[in-house]
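User: Please take a close look at a single part of this structure, with attention to its surface and its charged side chains. I would like one connected account that also places that part within the rest of the chain.

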Amino acid sequence: MAPTKAPEKKNQSTTLPHTTNRNPTAQRNQMLQDDIEALPGAVTGLDSAEKYLTSVLLRQADEPLSLLHLAGILFQVTQMAKLIPLAITNAIRAVAFILKQQAASEIADVVAKAAADQLMNSLSTNIVNSVIAAIAPQVASIHTTAESLKGTLAQLKQLHDVIEREKEEEKNDLKTAAKRIEDAVDTLYESIEDCNNSYKLLTLSLEFTQDRLNNLATQLSQTSPFNSSCQSPPIH
């Protein structure tokens with residue numbers, strides 16, 4: 001008779017050891033990002049990442065990778081295999097939704113900025129046109145006044161030149177007159193000097209003549225036979 005197996009206990013615990021229930025995600029999260037990026041594999045940098053996505057048909061060659069495009073790639077990754085754990089699928093989808101929202105926010109910011117710039121340019125053009133239209137009459141008046149002032153200044157300059165020329169001529173005339181007066185004074189002074197010198201010479205001549213006449217009168221008185229009876233007085 002064949003030996004029979006001992007009946008299995010239905011209530012026997014089949015719980016695995018505690019070490020088998022550890023969360024592998026928690027263990028991976030303990031690694032630093034630099035260590036994770038340095039793990040060997042087909043993707044080790046930006047160039048290899050772009051080439052890999054192209055090779056698995058998740059992007060076209062030379063296509064820019066925007067945030068919205070990356071979010072779409074993550075959604076496609078969740079459909080690449082049916083045996084992806086639910087936790088990993090949810091994590092990928094969560095990142096994809098966040099990237100999509102971020103891309104939508106950036107697109108909204110770009111659109112809002114473009115609209116604001118367009119509005120600002122339109123308002124600036126309208127404001128400039130309004131200001132030009134408002135100040136155009138004043139500008140025309142200022143231009144007319146400036147032209148009038150320009151003509152007046154030209155006339156004033158001509159008048160100033162005439163006055164300066166007349167002043168220069170009068171100055172030259174005064175110099176000429178002063179020179180003539182100075183020459184006349186010099187001539188008069190020389191004439192006075194000549195007269196003075198002539199007077200001195202004449203005085204000396206008269207004195208000399210007087211002396212001669214006195215001597216002659218004395219000689220005549222001494223030789224005259226009537227010397228005792230009548231003497232001529234000396235001539236002064």
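Analyst: A residue is called partly exposed when its relative accessible area lies between the limit for buried, under 20%, and the limit for exposed, over 50%. By that scale E164 counts as partly exposed, because its relative accessible area is 37%. The model is a predicted one, and the part I take up is helix α5, which covers residues 86-223.

E164 is a good place to begin, since its side chain meets that of K167 in a salt bridge with an N to O distance of 4.0 Å. Both residues belong to helix α5 and stand 3 residues apart, about one turn of the helix. K167, at a relative accessible area of 47%, is likewise partly exposed. An α-helix has 3.6 residues a turn, so residues three or four places apart point the same way.

Two further salt bridges within α5 can be described in a similar manner. K113 is bridged to D117, with the closest N and O atoms 3.1 Å apart, and these two residues of α5 are separated by 4 residues, about one turn of the helix. Here the partners fall into separate classes of accessibility: K113 is exposed, with a relative accessible area of 53%, whereas D117, at 35%, counts as partly exposed. D183 pairs with K179, the closest N and O atoms being 3.9 Å apart, and this pair too lies in α5 with a spacing of 4 residues, about one turn of the helix. D183 has a relative accessible area of 34% and is partly exposed, and K179, at 46%, is placed in that class as well. The structure as a whole holds 4 salt bridges, among them the bridges of E164 with K167, K113 with D117 and D183 with K179.

Charge also gathers without such pairing, since patches are made of residues that have no salt bridge. E166, E168, E169, E170 and D173 form a patch of negative charge on the surface. Of these, E166 is found in helix α5 and, with a relative accessible area of 42%, is partly exposed.

There is a nonpolar patch on the surface too, made up of L119, L123, I127, V131, I135 and V139, whose accessible area together is about 520 Å². V139 lies in helix α5, and because its relative accessibility is 46% it counts as partly exposed.

As for the setting of this helix, the protein has 5 helices and 0 strands, and its elements run α-α-α-α-α from the N terminus on. Helix α5 takes part in covering a neighbour: H69, A71 and I73 are buried in helix α4, residues 67-77, and what covers the buried residues of α4 includes both α3 (46-55) and α5. Over the 236 residues of the protein, 5% count as buried. The accessible surface of the protein comes to about 20800 Å², with 61% of it belonging to carbon and sulfur atoms. Among contacts between residues at least 6 apart in sequence, 28% join residues at least 24 apart.

Note on methods. Residues numbered from 1 in each chain as written. Predicted model: local features only at pLDDT ≥ 70, side-chain atom pairs only at ≥ 80, totals over all residues. Heavy atoms only, no water. Patch = residues over 30% accessible without salt bridge, like charges linked within 9 Å, V, L, I, M, F, W, Y side chains within 5 Å. Areas by Shrake-Rupley, 256 points an atom, 1.4 Å probe, with all protein chains shown as cover. Lys, Arg positive; Asp, Glu negative; His and termini not counted. Charge placed at Lys NZ, Arg CZ, Asp CG, Glu CD. Buried < 20%, exposed > 50% of the residue type's maximum accessible area, 1.4 Å probe, protein only. Contact = heavy atoms within 4.5 Å.
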